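Let's take a friendly walk through a protein and the ligand it holds. Have the picture ready, and we will start with a single contact and work outwards.

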Amino acid sequence: MFGIKGSLCSFGQDIQTQNCYIYNSISMSKHVGTTVFLKMENSQPSGSFKIRGIGHLCQQRATQSKGVVCSSGGNAGMAAAYVARKMGLPATIVVPSSTPQLVVQRLKDQGATVKIVGKVWDDANGEALRLTETEGLTYVPPFDDPLLWQGHASIITEVAASLGPVVKPGAVLVSVGGGGLLCGVIQGLKDVGWTDVPIIAMETVGADCLNAAVKAGRVVTLDDITSEAKCLGAKTVCKKAFECTQSSELTIISELVTDQQALHAVETFLDEERVLVELACGASLAAVYSGLIRRLQDEGRLPTVLGPLLVIVCGGSSIDMKQLANLKHKLQT
Ligand code: PLV
């Protein structure tokens, strides 16, 4: 099965998310030794999957609003700014100082007011919550809300529709920041009856709030975000994502890669698929390129004969060639 192209799907008359292209990547399949399907969320109008959940949430919650405020590492903000513009609402996006200038500019280009507050997302979120109170704006959370998960779940229902009734993934690969994408994928797998499909939840070392929670057996708050994958940089994973790792309903394998491995994956993906994604997305791609999937198979944690691997290419706007060069420089020294 090669290219299967869907049509546009819509959360409302004016906010369209792409029913993203899904295709069988020959080069990735070679790396991992099994069929790989790439779900290209990078091609959403806001540059990442985030528009699915945020589009849905805003249409449920912000129709009577005087404006929205979103705290973000970058991509939730891009989605909120895009959706607000389509809805004719002002958007204030609060980002931490670690957000690259190129994202700040892209947010302004979407018509948003940008506030830079604190060092990490958690600091920016404090300010967004404050503005919700003082300015009467509608709060748009980046990952912790059932409406977001419901929107993100459409990724999986689209995949199921594209693959048809006889093809089922052997595993799904996702990046985890605060856990919203993971919760959405879980919801989607339940919706289509694929609860026996394991999820590999990827984070980078230093932005590993889910992995830390799994190791501790409870939700924990990281001291700091030391990874360069700032869009994975929530200090605390959402409770629902952690609870799902503890439930027997679905298998969730939490794994880490280094920033260097994520960067190498971004570069390999650019070379082989001709698509530039940010480090947050590279964390998932690295599971393929670094041999992690094969290791999980060797360890018996994934079946030796694995069905098609579904990779959610989450995308991201925090990247251009200059930023890529900066990251390369930072991570080599
Ligand atoms: N980024 C959030 C949270 O940042 C944001 O504000 O944009 N891949 C990409 C490209 C992302 O931007 C994010 C989240 C993720 C994956 C992980 O999604 P999550 O947060 O739902 O697990 C702090």
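Find Cys231 first: a polar atom of the Cys231 backbone lies 2.9 Å from a nitrogen atom of the ligand. By itself, the ligand would expose 520 Å², and the protein buries 100% of that area. Keep in mind as you look that this is a predicted model.

Two more backbone contacts are worth finding, and here the ligand uses oxygen. At Ala76, a polar backbone atom is 2.8 Å from an oxygen atom of the ligand. At Leu181, a polar backbone atom is likewise 2.8 Å from a ligand oxygen.

Now step back a little. Where does the ligand sit? Its place is the largest cavity. Around the ligand there are 23 residues, and the closest are Ser72, Gly73, Asn75, Gly177 and Gly179. Sorted by character, the shell has 11 nonpolar residues, 11 polar ones and 1 charged one.

Which parts of the chain build this shell? Helix H3 (75–87) gives at least two residues, and so does helix H8 (180–191). On a wider view, domain 1 (22–48 + 145–332) and domain 2 (51–139) each contribute at least three residues to the shell.

Technical notes: Residues numbered from 1 in each chain as written. Predicted model: local features only at pLDDT ≥ 70, side-chain atom pairs only at ≥ 80, totals over all residues. Heavy atoms only, no water. Near = heavy atom within 4 Å. Polar contact = N/O pair within 3.5 Å; in protein donor to acceptor, adjacent residues only side chain to side chain. Areas by Shrake-Rupley, 256 points an atom, 1.4 Å probe, with all protein chains shown as cover. 1 Å grid on protein atoms, 1.4 Å probe; cavity = no way out; pocket = protein on both sides within 12 Å on 5 of 7 lines; lining within 4 Å. Sits in = over half its atoms within 2 Å of the grid points. Helix = DSSP H or I, 4+ residues; strand = E, 2+ residues; numbered from the N terminus. Nonpolar A, V, L, I, M, F, W, Y, C, P; charged D, E, K, R; others polar. Domains from an automatic or database assignment.
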